[in-house]
Amino acid sequence: MVVEEAGKSIPPGGATVALWTALAGGPAVVLLNQWVAYALVPDACARQNSFFVHVVHLVALLLMAAGFLVCRRTWSRVGAAEPDERPGPDHTARFLAFAGMVANPFLALVVLAMWLATVLFSPCSA
């Protein structure tokens, strides 16, 4: 968040950048996970081993967990009250942390569903 004060612009702090990354990184990780997993399928079929596809899904789940933990840490820091519409940096951080704590587990379920398909089907099945 950029706070303008008498014509000056202050860059966001590290906690704000981490919170935005945790929130916006979730959907990006899901899309990157799907893209990389699909790109590895021809190699997995040639080797008859889908180990690297499993590693990609595991890394995506770990990134989702890290995003959730960043949001949870921010939620604890600014107070675990209900998000509201009052202005101010703490209220904005509380809302973003709440949104990240909801979005990251949901997106982790999406990654788990993609991983389930990797587990159930051979990489060479057409």
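**Exercise 1.** Leaving aside its neighbours within four places in sequence, with which residues is Thr118 in contact?

*Solution.* The model is a predicted one, in which local features need pLDDT of at least 70 and side-chain atom pairs count only at pLDDT 80 or more, while totals for chains, interfaces and linings use all residues. Residues are numbered from 1 along each chain as its sequence is written, and side-chain values use heavy atoms, with hydrogens and water left out.

Step 1. Locate the residue: Thr118 belongs to helix α3, where helices are DSSP runs of H or I of at least four residues, strands are runs of E of at least two, and both are numbered from the N terminus.

Step 2. Apply the contact criterion, heavy atoms within 4.5 Å. With those neighbours set aside, Thr118 is in contact with Ser50, Val53, His54 and His57.

Step 3. Examine the side chain: that of Thr118 reaches the backbone oxygen of Met114 at 3.3 Å.

Step 4. Classify the exposure. Buried means under 20% relative accessible area, exposed over 50%, and partly exposed in between (1.4 Å probe, protein chains only). Thr118 has a relative accessible area of 16% and is therefore buried.

**Exercise 2.** Determine which residues form the largest nonpolar core, and which helices supply them.

*Solution.* Step 1. Define the set: buried Ala, Val, Leu, Ile, Met, Phe, Trp, Tyr and Cys residues joined through side-chain atoms within 4.5 Å.

Step 2. List the members. The largest such core has 11 residues: Leu19, Ala22, Leu23, Val70, Cys71, Trp75, Val78, Ala93, Leu96, Ala97 and Met101.

Step 3. Assign them to helices: α1 (14-47), α2 (51-78) and α3 (89-120) each contribute at least two residues of this core.

Step 4. Follow one member. Ala22, leaving aside its neighbours within four places in sequence, is in contact with Gly67, Val70, Cys71 and Asn104.

Step 5. Separate the other core. Apart from the largest core lies another of 10 residues, including Ala60, Leu61, Val111 and Met114.

**Exercise 3.** Identify the partners of the salt bridge and state how exposed each is.

*Solution.* Step 1. State the criterion: a side-chain nitrogen of Lys or Arg within 4 Å of a carboxyl oxygen of Asp or Glu. A search of the whole structure finds one such pair.

Step 2. Name the partners: the side chains of Arg47 and Asp43 meet at 3.1 Å, N to O.

Step 3. Place them. Both lie in helix α1, four residues apart, about one turn of the helix.

Step 4. Compare with the accessibility cut-offs: Arg47, at 55%, is exposed, whereas Asp43, at 31%, is partly exposed.

Conventions. Polar contact = N/O pair within 3.5 Å; in protein donor to acceptor, adjacent residues only side chain to side chain.
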